[in-house]
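Biologist: I would like to learn how to read a model like this one. Can we go feature by feature?

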Amino acid sequence: MSDMEIVDRIAMCVERGKVDKNAPYPPDMKGLDGVKELTAQALAGGMDPNIVLTCGLMAGMSVVGKKFSKNEVFVPDLLMAAKAMNAGMEQLKPAFDSGAAKHKGTFIIGTVQGDLHDIGKNLVRMMLEGAGWKVIDLGVDTPPEKFLAELEKNPGAVVGLSALLTTTMVNMDKTVKLIREKVPATIVCVGGAPLTQEFCDKIGADAYAPDPQGIIEYLDEKICNN
Ligand code: B12
(Lines give C-alpha, C1' and ligand atoms only; values in the text may rest on other atoms or scores of the structure.)
Protein backbone atom coordinates (compact mmCIF):
# COMPACT_ATOMS: atom_id res chain seq x y z
CA MET A 1 0.00 0.00 0.00
CA SER A 2 1.28 3.50 -0.78
CA ASP A 3 1.44 6.13 2.00
CA MET A 4 -1.63 7.81 0.52
CA GLU A 5 -3.57 4.55 0.45
CA ILE A 6 -2.71 3.69 4.03
CA VAL A 7 -3.78 7.08 5.47
CA ASP A 8 -6.99 6.97 3.43
CA ARG A 9 -7.67 3.52 4.83
CA ILE A 10 -7.02 4.69 8.38
CA ALA A 11 -9.45 7.59 7.82
CA MET A 12 -12.05 5.21 6.44
CA CYS A 13 -11.66 2.82 9.39
CA VAL A 14 -12.12 5.70 11.87
CA GLU A 15 -15.19 6.79 9.93
CA ARG A 16 -16.64 3.26 9.98
CA GLY A 17 -15.60 2.59 13.59
CA LYS A 18 -13.36 -0.35 12.69
CA VAL A 19 -11.13 -0.59 15.79
CA ASP A 20 -8.94 -3.60 15.04
CA LYS A 21 -8.80 -6.84 13.09
CA ASN A 22 -10.72 -8.84 15.72
CA ALA A 23 -13.53 -6.32 16.06
CA PRO A 24 -16.84 -7.77 14.83
CA TYR A 25 -18.07 -4.27 13.94
CA PRO A 26 -18.87 -3.20 11.26
CA PRO A 27 -19.96 -6.65 10.00
CA ASP A 28 -18.95 -6.01 6.38
CA MET A 29 -15.34 -5.40 7.49
CA LYS A 30 -14.99 -8.58 9.59
CA GLY A 31 -11.45 -9.98 9.51
CA LEU A 32 -9.94 -6.90 7.88
CA ASP A 33 -7.25 -4.75 9.49
CA GLY A 34 -8.59 -1.90 11.61
CA VAL A 35 -7.21 1.42 12.79
CA LYS A 36 -4.88 -0.30 15.27
CA GLU A 37 -3.10 -2.48 12.70
CA LEU A 38 -3.05 0.15 9.94
CA THR A 39 -1.60 2.83 12.23
CA ALA A 40 1.07 0.39 13.43
CA GLN A 41 1.88 -0.51 9.79
CA ALA A 42 2.13 3.15 8.77
CA LEU A 43 4.56 3.89 11.59
CA ALA A 44 6.59 0.71 10.97
CA GLY A 45 6.90 1.84 7.35
CA GLY A 46 8.48 5.09 8.53
CA MET A 47 5.53 7.40 7.90
CA ASP A 48 5.56 10.75 9.74
CA PRO A 49 3.33 10.37 12.84
CA ASN A 50 1.93 13.86 12.22
CA ILE A 51 0.70 12.78 8.78
CA VAL A 52 -0.85 9.62 10.24
CA LEU A 53 -2.60 11.78 12.83
CA THR A 54 -3.87 14.60 10.63
CA CYS A 55 -4.46 12.90 7.26
CA GLY A 56 -5.58 9.57 8.73
CA LEU A 57 -7.16 9.68 12.20
CA MET A 58 -8.36 13.30 12.29
CA ALA A 59 -9.50 13.28 8.67
CA GLY A 60 -11.71 10.26 9.44
CA MET A 61 -13.17 11.90 12.54
CA SER A 62 -13.87 15.08 10.60
CA VAL A 63 -15.96 13.12 8.06
CA VAL A 64 -17.95 11.55 10.92
CA GLY A 65 -18.50 14.99 12.46
CA LYS A 66 -19.85 16.40 9.20
CA LYS A 67 -22.14 13.40 8.67
CA PHE A 68 -23.42 13.71 12.24
CA SER A 69 -24.30 17.37 11.62
CA LYS A 70 -26.34 16.30 8.56
CA ASN A 71 -28.08 13.47 10.48
CA GLU A 72 -26.42 10.88 8.27
CA VAL A 73 -24.86 9.09 11.26
CA PHE A 74 -25.90 8.96 14.93
CA VAL A 75 -24.42 8.87 18.46
CA PRO A 76 -23.53 5.12 18.41
CA ASP A 77 -21.57 5.73 15.19
CA LEU A 78 -19.69 8.57 16.90
CA LEU A 79 -18.86 6.28 19.81
CA MET A 80 -17.46 3.61 17.51
CA ALA A 81 -15.46 6.23 15.60
CA ALA A 82 -14.11 7.59 18.90
CA LYS A 83 -13.10 4.08 19.97
CA ALA A 84 -11.32 3.50 16.66
CA MET A 85 -9.58 6.88 16.89
CA ASN A 86 -8.36 6.09 20.42
CA ALA A 87 -6.94 2.77 19.21
CA GLY A 88 -4.90 4.70 16.64
CA MET A 89 -3.79 7.27 19.20
CA GLU A 90 -2.51 4.49 21.48
CA GLN A 91 -0.25 3.36 18.63
CA LEU A 92 0.95 6.93 18.02
CA LYS A 93 1.71 7.66 21.67
CA PRO A 94 5.30 6.32 21.70
CA ALA A 95 6.09 8.34 18.59
CA PHE A 96 5.17 11.55 20.40
CA ASP A 97 7.09 10.71 23.57
CA SER A 98 10.19 12.84 23.56
CA GLY A 99 11.94 10.96 26.32
CA ALA A 100 13.12 14.30 27.67
CA ALA A 101 14.43 13.71 31.17
CA LYS A 102 13.56 17.12 32.55
CA HIS A 103 10.01 18.40 32.29
CA LYS A 104 9.32 21.93 31.12
CA GLY A 105 6.64 22.19 33.78
CA THR A 106 3.35 20.68 34.92
CA PHE A 107 0.20 21.02 32.84
CA ILE A 108 -3.16 20.12 34.39
CA ILE A 109 -5.71 19.27 31.72
CA GLY A 110 -9.37 18.29 31.78
CA THR A 111 -12.65 18.53 29.92
CA VAL A 112 -14.96 20.92 31.74
CA GLN A 113 -17.99 19.97 33.80
CA GLY A 114 -20.92 18.49 31.87
CA ASP A 115 -18.78 17.64 28.85
CA LEU A 116 -17.77 14.06 27.99
CA HIS A 117 -15.72 14.72 24.85
CA ASP A 118 -12.13 13.65 25.40
CA ILE A 119 -10.53 12.88 22.06
CA GLY A 120 -9.21 16.42 21.57
CA LYS A 121 -8.10 16.67 25.19
CA ASN A 122 -6.25 13.35 24.90
CA LEU A 123 -4.51 14.61 21.80
CA VAL A 124 -3.43 17.81 23.53
CA ARG A 125 -2.16 15.71 26.46
CA MET A 126 -0.20 13.44 24.15
CA MET A 127 1.36 16.30 22.20
CA LEU A 128 2.29 18.20 25.37
CA GLU A 129 3.90 15.08 26.84
CA GLY A 130 5.81 14.73 23.61
CA ALA A 131 6.92 18.36 23.92
CA GLY A 132 8.35 17.68 27.39
CA TRP A 133 5.53 18.63 29.77
CA LYS A 134 4.42 16.56 32.75
CA VAL A 135 0.67 16.29 32.21
CA ILE A 136 -1.90 15.57 34.91
CA ASP A 137 -5.14 14.51 33.21
CA LEU A 138 -8.30 15.04 35.25
CA GLY A 139 -10.48 13.34 32.64
CA VAL A 140 -13.92 14.48 31.53
CA ASP A 141 -16.82 16.21 33.32
CA THR A 142 -14.37 18.02 35.62
CA PRO A 143 -15.87 20.46 38.13
CA PRO A 144 -14.09 23.80 38.68
CA GLU A 145 -13.20 22.79 42.25
CA LYS A 146 -11.32 19.73 41.01
CA PHE A 147 -9.11 21.89 38.78
CA LEU A 148 -8.45 24.20 41.72
CA ALA A 149 -7.63 21.35 44.13
CA GLU A 150 -5.11 19.89 41.66
CA LEU A 151 -3.60 23.32 41.08
CA GLU A 152 -3.16 23.83 44.82
CA LYS A 153 -1.31 20.50 44.96
CA ASN A 154 0.93 21.59 42.07
CA PRO A 155 1.86 25.25 42.56
CA GLY A 156 2.89 27.01 39.36
CA ALA A 157 1.22 24.47 37.08
CA VAL A 158 -0.42 25.60 33.85
CA VAL A 159 -4.10 24.71 33.48
CA GLY A 160 -5.70 23.61 30.19
CA LEU A 161 -9.47 23.43 29.76
CA SER A 162 -11.26 21.67 26.93
CA ALA A 163 -14.92 22.13 25.92
CA LEU A 164 -16.71 20.74 22.87
CA LEU A 165 -20.25 21.87 23.60
CA THR A 166 -21.59 25.40 23.47
CA THR A 167 -23.64 24.46 26.55
CA THR A 168 -20.51 23.64 28.60
CA MET A 169 -18.51 26.72 27.61
CA VAL A 170 -20.17 28.47 30.57
CA ASN A 171 -18.47 25.95 32.89
CA MET A 172 -15.16 26.93 31.35
CA ASP A 173 -15.96 30.51 32.31
CA LYS A 174 -16.76 29.40 35.89
CA THR A 175 -13.51 27.43 36.14
CA VAL A 176 -11.41 30.37 34.93
CA LYS A 177 -13.16 32.69 37.42
CA LEU A 178 -12.51 30.34 40.35
CA ILE A 179 -8.84 29.96 39.42
CA ARG A 180 -8.44 33.74 38.95
CA GLU A 181 -10.00 34.31 42.37
CA LYS A 182 -7.90 31.75 44.27
CA VAL A 183 -4.61 31.49 42.37
CA PRO A 184 -4.58 34.58 40.12
CA ALA A 185 -1.12 34.17 38.55
CA THR A 186 -1.99 30.81 36.96
CA ILE A 187 -1.64 30.52 33.18
CA VAL A 188 -4.95 29.17 31.88
CA CYS A 189 -5.20 27.84 28.32
CA VAL A 190 -8.45 26.97 26.62
CA GLY A 191 -9.41 24.99 23.54
CA GLY A 192 -12.07 22.93 21.81
CA ALA A 193 -13.98 23.16 18.56
CA PRO A 194 -16.61 25.79 19.53
CA LEU A 195 -14.07 28.19 21.09
CA THR A 196 -12.73 31.42 19.67
CA GLN A 197 -10.06 33.92 20.64
CA GLU A 198 -12.90 36.32 21.40
CA PHE A 199 -14.41 33.89 23.93
CA CYS A 200 -11.00 33.31 25.48
CA ASP A 201 -10.57 37.08 25.95
CA LYS A 202 -14.09 37.46 27.30
CA ILE A 203 -13.64 34.89 30.08
CA GLY A 204 -10.16 36.16 30.94
CA ALA A 205 -8.16 33.07 29.98
CA ASP A 206 -4.54 33.61 28.96
CA ALA A 207 -4.38 31.68 25.71
CA TYR A 208 -6.54 29.97 23.13
CA ALA A 209 -5.25 27.73 20.36
CA PRO A 210 -7.25 25.79 17.80
CA ASP A 211 -4.77 22.92 18.04
CA PRO A 212 -2.15 21.46 20.39
CA GLN A 213 0.77 22.87 18.42
CA GLY A 214 -0.46 26.43 18.96
CA ILE A 215 -0.44 26.00 22.72
CA ILE A 216 2.97 24.31 22.74
CA GLU A 217 4.42 27.29 20.87
CA TYR A 218 2.68 29.75 23.19
CA LEU A 219 4.08 28.01 26.28
CA ASP A 220 7.56 27.72 24.79
CA GLU A 221 7.55 31.44 24.21
CA LYS A 222 5.94 32.38 27.51
CA ILE A 223 7.76 30.07 29.91
CA CYS A 224 10.68 28.33 28.36
CA ASN A 225 12.36 31.38 26.82
CA ASN A 226 12.16 33.38 30.02
C1 B12 B 1 -16.90 12.14 18.85
C2 B12 B 1 -18.02 13.06 19.27
C3 B12 B 1 -18.83 12.65 20.36
C4 B12 B 1 -18.53 11.41 21.19
C5 B12 B 1 -17.37 11.75 22.16
C6 B12 B 1 -16.50 10.55 22.46
C7 B12 B 1 -15.25 10.96 23.18
N8 B12 B 1 -14.71 10.00 23.89
O9 B12 B 1 -14.76 12.09 23.12
C10 B12 B 1 -19.89 11.18 21.93
C11 B12 B 1 -20.72 10.20 21.15
C12 B12 B 1 -19.79 10.68 23.38
C13 B12 B 1 -20.52 12.55 21.81
C14 B12 B 1 -21.60 12.93 22.60
C15 B12 B 1 -22.28 14.12 22.43
N16 B12 B 1 -22.08 15.04 21.45
CO17 B12 B 1 -20.52 15.04 20.29
N18 B12 B 1 -19.29 15.07 18.87
C19 B12 B 1 -18.30 14.28 18.57
C20 B12 B 1 -17.61 14.82 17.27
C21 B12 B 1 -18.12 14.00 16.08
C22 B12 B 1 -16.11 14.78 17.22
C23 B12 B 1 -15.41 15.45 18.37
C24 B12 B 1 -13.95 15.09 18.28
O25 B12 B 1 -13.49 14.21 19.00
N26 B12 B 1 -13.22 15.70 17.34
C27 B12 B 1 -11.82 15.36 17.05
C28 B12 B 1 -10.89 16.11 18.03
C29 B12 B 1 -9.45 15.76 17.68
O30 B12 B 1 -11.10 17.50 17.83
P31 B12 B 1 -11.41 18.52 19.03
O32 B12 B 1 -12.07 17.82 20.15
O33 B12 B 1 -12.02 19.74 18.48
O34 B12 B 1 -9.96 18.88 19.60
C35 B12 B 1 -9.02 19.61 18.84
C36 B12 B 1 -9.08 21.11 19.09
O37 B12 B 1 -10.37 21.60 19.38
C38 B12 B 1 -8.08 21.35 20.17
N39 B12 B 1 -8.47 21.26 21.58
C40 B12 B 1 -9.41 20.53 22.20
N41 B12 B 1 -9.38 20.71 23.52
C42 B12 B 1 -8.37 21.56 23.77
C43 B12 B 1 -7.90 22.09 24.97
C44 B12 B 1 -6.83 22.98 24.94
C45 B12 B 1 -6.31 23.55 26.21
C46 B12 B 1 -6.26 23.35 23.68
C47 B12 B 1 -5.17 24.30 23.63
C48 B12 B 1 -6.75 22.83 22.48
C49 B12 B 1 -7.79 21.93 22.54
O50 B12 B 1 -7.09 20.38 19.91
C51 B12 B 1 -7.67 19.19 19.37
C52 B12 B 1 -6.75 18.67 18.30
O53 B12 B 1 -6.58 19.57 17.24
C54 B12 B 1 -18.12 16.30 17.24
C55 B12 B 1 -18.24 16.95 15.86
C56 B12 B 1 -16.96 17.66 15.47
N57 B12 B 1 -16.63 17.56 14.22
O58 B12 B 1 -16.30 18.29 16.28
C59 B12 B 1 -19.48 16.18 17.94
C60 B12 B 1 -20.06 17.39 18.68
C61 B12 B 1 -18.99 18.11 19.48
N62 B12 B 1 -21.02 16.75 19.60
C63 B12 B 1 -22.14 17.40 19.71
C64 B12 B 1 -23.23 16.99 20.50
C65 B12 B 1 -24.50 17.82 20.36
C66 B12 B 1 -23.16 15.88 21.37
C67 B12 B 1 -24.25 15.37 22.32
C68 B12 B 1 -25.06 16.43 23.06
C69 B12 B 1 -25.13 14.43 21.45
C70 B12 B 1 -26.34 13.84 22.13
N71 B12 B 1 -27.47 14.24 21.62
O72 B12 B 1 -26.21 13.08 23.05
C73 B12 B 1 -23.43 14.48 23.30
C74 B12 B 1 -22.97 15.27 24.54
C75 B12 B 1 -22.33 14.40 25.57
C76 B12 B 1 -21.64 15.24 26.63
N77 B12 B 1 -22.30 15.54 27.73
O78 B12 B 1 -20.51 15.65 26.45
C79 B12 B 1 -22.12 18.69 18.88
C80 B12 B 1 -21.91 19.95 19.71
C81 B12 B 1 -22.79 21.08 19.24
C82 B12 B 1 -22.53 22.30 20.04
N83 B12 B 1 -22.24 23.36 19.33
O84 B12 B 1 -22.58 22.34 21.24
C85 B12 B 1 -20.99 18.38 17.84
C86 B12 B 1 -20.24 19.64 17.33
C87 B12 B 1 -21.66 17.65 16.64
C88 B12 B 1 -22.64 18.50 15.87
N89 B12 B 1 -22.25 19.04 14.74
O90 B12 B 1 -23.76 18.68 16.27
N91 B12 B 1 -19.95 13.30 20.82
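Biologist: Start with helix packing. Are α2 and α4 roughly parallel or roughly antiparallel to each other?

Modeller: Keep in mind that this model is predicted. For a helix pair, look at the angle between the axes. Angles under 35 degrees count as roughly parallel. Helix α2, residues 35-44, packs on α4 at about 25°, so the two are roughly parallel. Their axes lie 8 Å apart.

Biologist: What is the handedness of the crossing where α2 passes α4?

Modeller: The crossing is right-handed.

Biologist: Which residues of α2 and α4 meet?

Modeller: From α2 come V35, K36, T39, A40 and L43. On the α4 side they meet A84, A87, G88, Q91, L92 and A95. Sorted by class, this contact has 7 nonpolar, 3 polar and 1 charged residues.

Biologist: Now α1 and α4. At what angle do they pack?

Modeller: About 140°, with the axes 6 Å apart. Helix α1 spans residues 3-16 and α4 spans residues 75-96. Roughly antiparallel needs an angle over 145 degrees. The pair is therefore oblique.

Biologist: Which residues make up the contact of α1 with α4?

Modeller: I10, C13, V14 and E15 in α1 meet A81, A84, M85 and G88 in α4. The class count is 6 nonpolar, 1 polar and 1 charged. A84 and G88 also appear in the α2 contact.

Biologist: On to the interior. How many residues does the largest nonpolar core have?

Modeller: For a core, ask which buried nonpolar residues link up. The largest one here has 35 residues. I108, V159, M172, V188, V190 and A205 have the most contacts inside it. Elements giving two or more residues include the strands β1 (106-111), β3 (158-162) and β4 (188-191). The helices α5 (119-130), α6 (144-153), α7 (169-182), α8 (197-203) and α9 (212-224) do so too.

Biologist: Take V188 as an example. Which residues does V188 touch?

Modeller: Leaving out residues up to four places away in sequence, V188 touches V159, L161, V176, I179, A205 and D206. There is also a second, separate core of 25 residues. L57, M80, A87 and L92 are among its members.

Biologist: Next, exposure. Why is V170 partly exposed?

Modeller: Count the C-beta neighbours. A residue is buried at 20 or more within 10 Å and exposed at 12 or fewer. V170 has 15, so V170 is partly exposed. This residue lies in helix α7. Its C-alpha atom is 9.2 Å from that of I203, which is 33 residues away along the chain.

Biologist: Last, the backbone. What should I look for?

Modeller: Look for departures from the usual pattern. Most residues other than glycine have a negative phi, and most peptide bonds are trans.

Biologist: Which peptide bond is cis?

Modeller: The bond from Y25 to P26 is cis, with omega near -10°. P26 sits in the loop between α1 and α2.

Biologist: And phi? Where is N71, with its positive phi, found?

Modeller: N71 is in the loop between α3 (49-69) and α4. Its phi is about 60°, though N71 is not a glycine. With 7 other C-beta atoms within 10 Å, N71 is exposed.

Biologist: What is the phi of D141?

Modeller: Near 50°, again positive in a residue other than glycine. D141 lies in the loop between β2 (134-137) and α6. Its 16 C-beta neighbours inside 10 Å make D141 partly exposed.

Notes:
Residues numbered from 1 in each chain as written. Predicted model: local features only at pLDDT ≥ 70, side-chain atom pairs only at ≥ 80, totals over all residues. Axes fitted to C-alpha atoms, helices over the stretch in contact; angles between N-to-C directions. Helix = DSSP H or I, 4+ residues; strand = E, 2+ residues; numbered from the N terminus. Parallel < 35°, antiparallel > 145°, perpendicular 65-115°, else oblique. Contact = placed C-beta atoms within 7 Å. Nonpolar A, V, L, I, M, F, W, Y, C, P; charged D, E, K, R; others polar. Left-handed = near helix turned anticlockwise from the far one by under 90°. Core = buried A, V, L, I, M, F, W, Y, C linked by C-beta atoms within 7 Å.
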